[in-house]
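Biologist: I have a model open on my screen and I would like to understand the words people use for it. Could you take me through them, with the reasoning behind each one?

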Amino acid sequence: MEQILRALQRDARLTPAEIAAETGRSEDEVRALIAEAEARKLILSYGAKVNWEAAGRERIYALVEMKVHPQEHVGYKAIASRISRFGAVRTCYLMSGEKDLAVIVEGETMHEISDFVGEKLATLHGVESTVTHVIMRRHKEDGVMLEAAPDEDRQAVVL
């Protein structure tokens, strides 16, 4: 199962036939294991990693560090779940260290990010403080390079 999950994580466009050839399993076995993984919620979604900037649609991203108060009997889960339901929230992590949550938010403008953090996140019951860091450029995300690597062919230096 792990080989199949890793193959799909690397490239969700792989067909069962391609995965079967890669893993040494039959195509029917691969299909059955994928169906089982979907049913067990091991595979949560399929999608493409898009470089929106290259497509001409600039987006603003920010990392928001949050200090929150855990709730009795549920700890941080309730507030993390509530934060995760906002459409502007791309990612939400429980962290160790000085801050409790790290949240990646996305918007069209700095003003939109500012309003979202100031009016939606910071005002939630249980939020003690927020620190917002604007992400200036994304280079690699979820194991995928978002920009083409600079040419590695360098001119020889002649003295």
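Modeller: Happy to; below we go from the whole chain to single residues, and please keep in mind that this is a predicted model.

Biologist: Let's start with the overall build. What elements does the protein have, and in which order do they run from the N terminus?

Modeller: There are 5 helices and 6 strands. From the N terminus on, the order reads α-α-α-β-α-β-β-α-β-β-β.

Biologist: How do you know how the protein compares with a compact globule?

Modeller: By setting two values side by side. A compact globule of 159 residues would have a radius of gyration near 15 Å, but the protein has 21 Å. Along the principal axes, the C-alpha atoms fill a box of roughly 65 × 50 × 30 Å.

Biologist: And what share of the residues is called buried?

Modeller: The word applies under 20% relative accessible area, and 25% of the 159 residues are buried. The protein exposes about 11500 Å², with carbon and sulfur atoms supplying 51% of that area.

Biologist: What about charge: how many positive and negative side chains are there?

Modeller: The protein has 21 positive and 27 negative side chains. The centres of these two sets lie 3 Å apart.

Biologist: Now the strands. What makes strand 3 "mostly covered"?

Modeller: Strand 3 spans residues 101-107, and 6 of its 7 residues are buried. Buried means under 20% relative accessible area, so those 6 residues each fall below that cut-off.

Biologist: How do you know that strand 3 pairs with strand 1?

Modeller: Two strands count as paired if there are at least two bridges between them. Strand 1 and strand 3 are joined by 7 bridges, so they pass that test, and they run antiparallel. For one example, Ala62 has Val105 in strand 3 as its bridge partner.

Biologist: Which sense does the pairing of strand 2 and strand 3 have?

Modeller: Strand 2, residues 89-94, pairs with strand 3 in the antiparallel sense over 5 bridges. Here Leu94 stands opposite Leu101. The two strands form a hairpin with 6 residues between them, and Gly97 in the turn has a positive phi of about 110°.

Biologist: Which residues other than glycine have a positive phi, and what makes that worth a remark?

Modeller: Most residues other than glycine have a negative phi. His73 has a phi near 75°, and Asp142 has one of about 50°. His73 lies in the loop between strand 1 (60-68) and helix 4 (77-84), while Asp142 sits in the loop between strand 5 (140-141) and strand 6 (144-145).

Biologist: Why are those two residues called exposed?

Modeller: Exposed means over 50% relative accessible area. His73 reaches 76%, so the word fits. Asp142 has 64%, so it is exposed too.

Biologist: Then why is His133 called only "partly exposed"?

Modeller: Its relative accessible area is 35%. That value is not under 20% and not over 50%, so His133 belongs in between.

Biologist: Where does His133 lie, and what does it touch?

Modeller: His133 is in strand 4, residues 127-135. Leaving aside residues up to four places away in sequence, His133 touches Tyr61, Ala62, Leu63 and Glu65. Touching here means heavy atoms within 4.5 Å. As for Tyr46, its C-alpha is 29 Å from that of His133, with 87 residues separating the two in sequence.

Technical notes. Residues numbered from 1 in each chain as written. Predicted model: local features only at pLDDT ≥ 70, side-chain atom pairs only at ≥ 80, totals over all residues. Heavy atoms only, no water. Helix = DSSP H or I, 4+ residues; strand = E, 2+ residues; numbered from the N terminus. Rg over C-alpha atoms; globule rule 2.2 N^0.38 Å. Buried < 20%, exposed > 50% of the residue type's maximum accessible area, 1.4 Å probe, protein only. Areas by Shrake-Rupley, 256 points an atom, 1.4 Å probe, with all protein chains shown as cover. Lys, Arg positive; Asp, Glu negative; His and termini not counted. Charge placed at Lys NZ, Arg CZ, Asp CG, Glu CD.
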